[in-house]
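I opened a new notebook page for this chain. My plan was to look up the overall fold first and then the backbone angles.

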Amino acid sequence: MKPIAIAFLLGLLVLKSEARVYSKCELASALKRGGMAGYHGITLANWMCLAYYESGYNTAAVNNNGPSRDYGIFQINSYWWCNDGKTRGSKNACGISCSSLLNNDISNDIACAKRVVRDPQGINAWVAWRNHCKGRDLSRFVSGCKL
């Protein structure tokens, strides 16, 4: 096997080992610490519902939806928000590498999600939020958590 291929595979293993699947209350606490509760008028329960349906609270989640991909706990899109080096014409509005969204440090995920909701679409930019969270009782996403 070529040295470049070996280095790539080792990099993936390191990246995977840094990934994390949060429990509900762990993520709720982390998002609250990150200033997400009430950010741009969006409740913590809405952010939790969004993260649940986008990634299952998994920081290593990646989904390929055609010419672009979605990354991390909030499934940040490589065409609009981050640069994965693969997506043609990436706008990279958050000014970050998509791979930086795949580890257990979600501070850049939070910063980028905040950037997304400042756009005119707001939280409606996420299809999963529109389909599963919008207009629903979301109290279960934070119930039982000491926040």
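The entries below record what I looked up.

Entry 1, ground rules. I am working with a predicted model, in which local features need pLDDT of at least 70, side-chain atom pairs count only at pLDDT 80 or more, and totals for chains, interfaces and linings use all residues. Residues are numbered from 1 along each chain as its sequence is written, and side-chain values use heavy atoms, with hydrogens and water left out.

Entry 2, layout. I found five helices and five strands; these are DSSP runs numbered from the N terminus, helices being H or I with at least four residues and strands E with at least two. Along the sequence I read the order as α-α-α-β-β-β-β-β-α-α.

Entry 3, burial and surface. Of the 147 residues in the chain, 40% are buried (under 20% relative accessible area; exposed is over 50%, partly exposed in between, with a 1.4 Å probe and protein chains only). I noted an exposed area of about 8000 Å², with 55% of it from carbon and sulfur atoms; the areas come from the Shrake-Rupley method with a 1.4 Å probe.

Entry 4, contacts. I took a contact as heavy atoms within 4.5 Å. Among contacts with a separation of 6 or more, 53% join residues 24 or more positions apart.

Entry 5, phi angles. Most residues other than glycine have a negative phi. I looked up H40, which is not a glycine but has a positive phi of about 55°. H40 sits in the loop between helix 2 (24-33) and helix 3 (44-55).

Entry 6, Q75. Q75, not a glycine, has a positive phi of about 55°. I placed Q75 in the loop between strand 2 (69-71) and strand 3 (76-77). Is Q75 buried or exposed? Q75 counts as buried because its relative accessibility is 4%.
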